[in-house]
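Student: Could you take me through one part of this chain slowly, starting from a hairpin and following its neighbours? I would like to know what each term means as we go.

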Amino acid sequence: MVISNLWASELEYRRTVLKAVLIVIIVAGSIFVVNNWIGGFKVYAMVELAMVCLCVGILVIHKTTPNLTLWCLVFLFALYSVILIGIYGSSFNSGLFTWLFIIPVLSYLLLGIKLGTLYTSVYVVSGIGILVYALIFDIAEIYPITIANIVLCLAAIWALSFSYEYKRAEAVERLQKMASLDPLTGLNNRLLLDSIFGMLCESLPEQHQSVSVLLLDLDHFKRVNDQYGHDVGDKVLVEVSRVLNQARRQNDWAFRLGGEEFCMLVPNTSLQQAGHIAERLRKMIDQVTVIDGCDINLSISIGVSRWPEDGDHFSHIYKTADARLYQAKMTGRNKVVTGEQPMASTDATISANS
């Protein structure tokens, strides 16, 4: 699955939540360390001090670490363990059991649905188990109705936390899709182009690292809109998108960049192979003659570039493909330019100023 740059906002959300929680735990933990040390609970005070030090360390790196989920797991494991130790080792009247109520909230906020449910299940059940153990063996003055109220309250908080995170994640995913897909054609839009190119470059085996960029632009599309109307023009764009989806391989990516301009990312191909793919696309578009009952002779010009031969960064690769697309337009349209030489068109040449 592609992780696009769009998900950066989701990570920033979790970083912000983690920062706020860490600050609260550092302040509260410091108070508890002093209180327990003065009260004679020095071992537990040292455990809490270790927890505070861990929080300070995570706070220092939380903005830059690429392993945010891992550190959230470590933090919550340490925090929940300290809470359970405190509940087990102190009297019921201390009220430490109330910290159980933050477990569902923090788990879902920092870990999401799957890991949040796992952590909540383990630590909530463990906490209730400690209270039931104290009740059965008369370790503390706990009444069954008290435990029942605690369990019901935990269940309510758990249900609310799960519902909130589920709906929030669902809304974020829906917005991500809306932001990354072209609403007319259903193709990926320009927003994903850079991140998917980077993903392809990183995922290919070293001996096969190559990604070809095909920039496609419909010839004389303005004439279609002027002669037949924008409704037919939209149907032309949808048909072109259908052709791109039909022609691309499983690992190829198709985009609509805007207007009548499209792009394909074709991994693991030589420049010559990419040129043949582009030529096949050109011929398939050239065979589209009727749209919505209107006789329309479509043609397309294509510029092809390839990473890493044409540059180290995507901006360089894109610029080269764009220059070759411009060359195809200026030398007659309805052709493919790969950088070696324009590939011959099987159709009559269209003059550059027509």
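Tutor: Happy to! Strands β3 and β4 form a hairpin, with two residues between them. In the turn sits G259, whose phi is positive, at about 60°. Before we go on, keep in mind that this is a predicted model, where local features need pLDDT of at least 70 and side-chain atom pairs count only at pLDDT 80 or more, while totals for chains, interfaces and linings use all residues. Residues are numbered from 1 along each chain as its sequence is written, and side-chain values use heavy atoms, with hydrogens and water left out.

The element names come from DSSP runs numbered from the N terminus: helices are H or I runs of at least four residues, and strands are E runs of at least two. Two strands count as paired if DSSP finds at least two bridges between them. Strand β3 covers residues 253–258, β4 covers residues 261–267, and the two pair in the antiparallel sense over five bridges. Find R256 in the hairpin: F262 in β4 stands opposite R256. R256 is also the bridge partner of N189. That second link belongs to the pairing of β3 with strand β1 (residues 188–189), where two bridges join strands that run parallel.

Just past the hairpin, in the loop between β4 and α9, is N268. N268 is not a glycine, yet its phi is positive, about 55°. H220 is another residue other than glycine with a positive phi, near 55°, and H220 lies in the loop between β2 (211–218) and α7.

Now for the helices. Two packed helices are described by the angle between their axes and the distance between the axes. The axes are lines fitted to C-alpha atoms, for helices over the stretch in contact, and the angles run from 0 to 180 degrees between N-to-C directions. Angles under 35 degrees count as roughly parallel, over 145 as roughly antiparallel, 65 to 115 as roughly perpendicular, and the rest as oblique.

Helix α7 (residues 221–228) packs with helix α8 (residues 230–247) at about 140°, their axes 7 Å apart. α7 and α8 are therefore oblique to each other. Contact means heavy atoms within 4.5 Å, and here F221, V224, N225 and Y228 of α7 meet H230, V232, G233, V236 and L237 of α8. By class, this contact has six nonpolar, three polar and no charged residues. In these classes, Ala, Val, Leu, Ile, Met, Phe, Trp, Tyr, Cys and Pro are nonpolar, Asp, Glu, Lys and Arg are charged, and the others, Gly among them, are polar.

α8 also packs with helix α9 (residues 271–286), at an angle of about 140° and with the axes 10 Å apart. So α8 and α9 are oblique to each other. Their crossing is right-handed; a crossing has that hand if the near helix is turned clockwise from the far one by less than a right angle, and is left-handed if anticlockwise. On the α8 side, V240, V243, L244, Q246 and A247 take part, meeting R280, L281, M284 and I285 in α9. That contact of α8 with α9 has seven nonpolar, one polar and one charged residues.

Finally, a word on confidence. pLDDT is the predictor's confidence in each residue, from 0 to 100. The chain averages 84, and 90% of the residues score at least 70.
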